[in-house]
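Please look over the structure below. The briefing takes up one helix and one disulfide.

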Amino acid sequence: MKLNSWMCLLMLLLAKRGQLLRAELQGPTATSETTTGPSAPTAASLPASEPSSQAETEEVTTAETESRAPALSNERKASKPKEATEFVPRVMPAALFERLWNDSLMKQQKLKAEIEKIEARRQATAEPAAVELTPEQLEAQLMYNNAMEMLAKPRTDKRVVFTLLKKAAAFNHQDARAALAWAVLMGHWMEFDFHHAADEFESLANEGLPSAHMGLAFMYSAGVGGKNVSQPLALIHYTLAALGDDTLAQMALGYRYLYGINVPISCEKALIQYKRVAKKVASKVTFANGPVVHRVRLLDELENPGSHETEIVDYYQLLADKGDVQSQVGLGQLYYQGGKAIQQDHQKALEYFTLAANAGNAIGFAFLGKLYLEGSEQIKADNETAFKYFSKASEMGDPVGQSGLGVMYLKGLGVPKDPVKALSYFTQAADQGWVDGQLQLGTMYFTGNGVKTDYKLALKYFNLATQSGHVLAYYNLGVMHAYGMGMLRSCPAAVEFFKSVAERGRWSSRLMHAYGDYKRNRIDEAYMQYSLMGEVGYEVAQSNAAFLLDREEVHVFNDRHEDLIRAFYYWKRAAGQGYSAAQVKLGDYYYYGWGTSKDFETAAALYRKASEQQYNAQAMFNLGYMHEQGLGMKKDWHLAKRLYDLAAETNADAKVPVAIALLKLQVLAKIESIKESPYRFIFYLDENIAANWDLYTITLLTLLLGFIMYTRRPFQQPDVQPANDLAAAAPVQLVPPAVAEAAVPAPAAAPAPAPAPSPEPEPSTAAGTSKATTTTAAATSNVNGASEAPSTSANANANALDPTD
């Protein structure tokens, strides 16, 4: 027992000795153990000094001397290990802490020094630019700002805008020069000049302007302005523009990384780019949620032409002028949001909502509140008036008014902040399905404002709001999926939501501008707009650009082969984003070899994808034809018939072509059955006939149709002059044909035999028939110029009365 105690003491002393030596190498250590009590200073609070080291040496020497003493009491033995165990954790952590503290201080000092150098360098480069601004440059900046403000307004004179830009560009204003270069590249109120745009972009890109890099990237990608198509150069300029915070370049990079266009697919890189753009869009969203942008697909509009929107607006205008409240509300909402056939005009919206409100309509009161709460160029914001209208609408149970009151109480707009009241109003509006109430309620649960944070409820209300297409709901869902808040993290879902938000920015109005150019027959201008937005990733713009190229309406390139190649790539990009009509068109390009080599298997795969995912009738019909002919797949007439039937069931417009295709299929099936019968020698009479059977079939059908038309032509009887006036005046039309035929006498050489006895007819019938027969006989004798014998006339009458004749 004593030996074990001595061994433990020896090991503790050796460990203590080693720790003291290491502590000396790392830095200052704790003071002597003679200082006791809770107020004893630690090593971190004492400076490194020799007395401390001498105290530690004395303590170690004392401990060794005491360990060699032979006579020690039991208390001494018990207390010595305790002191050692207390001493070990107090010395080592203190030294390590101080060493790490010193290292962190040194790093902070170095980092601070580097930051100061960078700031000094930045100020040195920025100060001269601020100082060197001349009055001409200040005037140019003012003109540019005024031009951009006017250009953002829906109703403004674009000629004045570009006049200001030209004046600013004359003072070498970079942004004004870039704006003019974009104008001549897109054909915005100026004539096309691709080469001038290319020169300007190259000059400005050398000066580091992000929008110039974006312009060069688009030109290299589209191959305009004397630039050959070069996707690597386009990618370089897109990257440089995105680093300069150019929004369209960030969207273009995000789209390329998402779908792997000339770069490896990277969801995380796409997420970074789309998140930056979505954040910009979300910060600009107002209570009115911005104007509505209609995405019109030209291919769908051609195949399914609808009614003219202007006529519908005129019809509602007529009803609204007659006092129809629902028409007034509808027109007010159209002017409030703007649309395909009508521009946004809050002043007209105010007029129609006022008419509806005067008639006691709750929606009219609610939207008047929205107009006065948000404010616009024509209407000054007024929280008091907005609260009055919202209160009236809320009292009538309107969810728009309830949501408006909730926003005012939540943000303290004209009323004291009250999250509890806001929660109550939002809940009432959300229960009625109003999108603003759902969004605000989800935001409160997401941020924990006035309620306990609940990501599940936030997710529920955000999903409900996305069904109505609210931008902020998409953005919030993107944030939740990007960071895994209340759910598992999903990069693809986050990118999809952020992409939807990014494509709802103010730059999406270019789509409506392009559609207006198309309606005004400015095809080249519309194509350039669609081409730019297609590079950014808009599927509608990609399909519309391909549509214009496919119809040979674009005259930018003047080369049909180049048009087909570009159309092929635009159809391919639109099909990659799930547009079924683009998948069918891309299949046609592979089938006919337009812009690419023929590939029946790829065409069949695209048709199958469109038919299975989108139930496209045209894709089903094309797939059935390929099964019928055995192109790119095994010949199968049964499956072809099934696909034809599905096409007819999916779309009523396909019934006629499907009926013709099924008729042809039945004819082919009959021909095949004949080939397997004993009459198959007919098909081997001449190989030429067998090879051109369709031509001979058409010829036979044409001959058959001609024969039918010949036989069914109207028959013209020759004009016969009557023998005498008595024959022309004879009342032949009074006698039925059968009776008249029986009354004609038989030739004398072959007298008719006597008829068999028959039952006596009714008196009225017999008398009438006898009279008619006698009259007919008299007329006949007059026509022939000779009289008949009485017996012959009697036999004729008997034959006419015989029911068995």
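What span should the 13 residues of helix α8 (residues 210-222) have at 1.5 Å a residue, and how far apart are its end C-alpha atoms? This is a predicted model. The expected span of helix α8 is 18 Å, because it is taken as 1.5 Å times one less than the number of residues. The end C-alpha atoms of α8 are 18 Å apart, which agrees.

**Helix α8 and its surroundings**

- Helix α8 is mostly covered, with 12 of its 13 residues buried.
- The buried residues run through S211, A212, H213, M214, G215 and L216, and they also include A217, F218, M219, Y220, S221 and A222.
- Among the elements that cover these buried residues are α6 (174-186), α7 (194-206) and α9 (231-243).
- The cover also includes α10 (247-259), α25 (523-536) and α27 (560-576).
- G223 comes just after α8 and takes a positive phi of about 75°.

**The disulfide**

- The count comes to one disulfide.
- C267 and C491 form this disulfide, and their sulfur atoms are 2.1 Å apart.
- The pair links distant parts of the chain, 224 residues apart.
- C267 lies in helix α11 (residues 267-284), and C491 lies in helix α23 (residues 491-502).
- The link of C267 and C491 is left-handed, with -115° about the S-S bond.

**Exposure of the two cysteines**

- C267 is partly exposed, because its relative accessible area of 23% falls between the 20% and 50% cut-offs.
- C491 has 7% relative accessibility, under the 20% cut-off, so C491 counts as buried.

Key: Residues are numbered from 1 along each chain as its sequence is written. This is a predicted model: local features need pLDDT of at least 70, side-chain atom pairs count only at pLDDT 80 or more; totals for chains, interfaces and linings use all residues. Side-chain values use heavy atoms; hydrogens and water are left out. Helices (H or I, at least four residues) and strands (E, at least two) are DSSP runs, numbered from the N terminus. Buried means under 20% relative accessible area, exposed over 50%, partly exposed in between (1.4 Å probe, protein chains only). Contact means heavy atoms within 4.5 Å. A disulfide is a pair of cysteine sulfur atoms within 2.5 Å.
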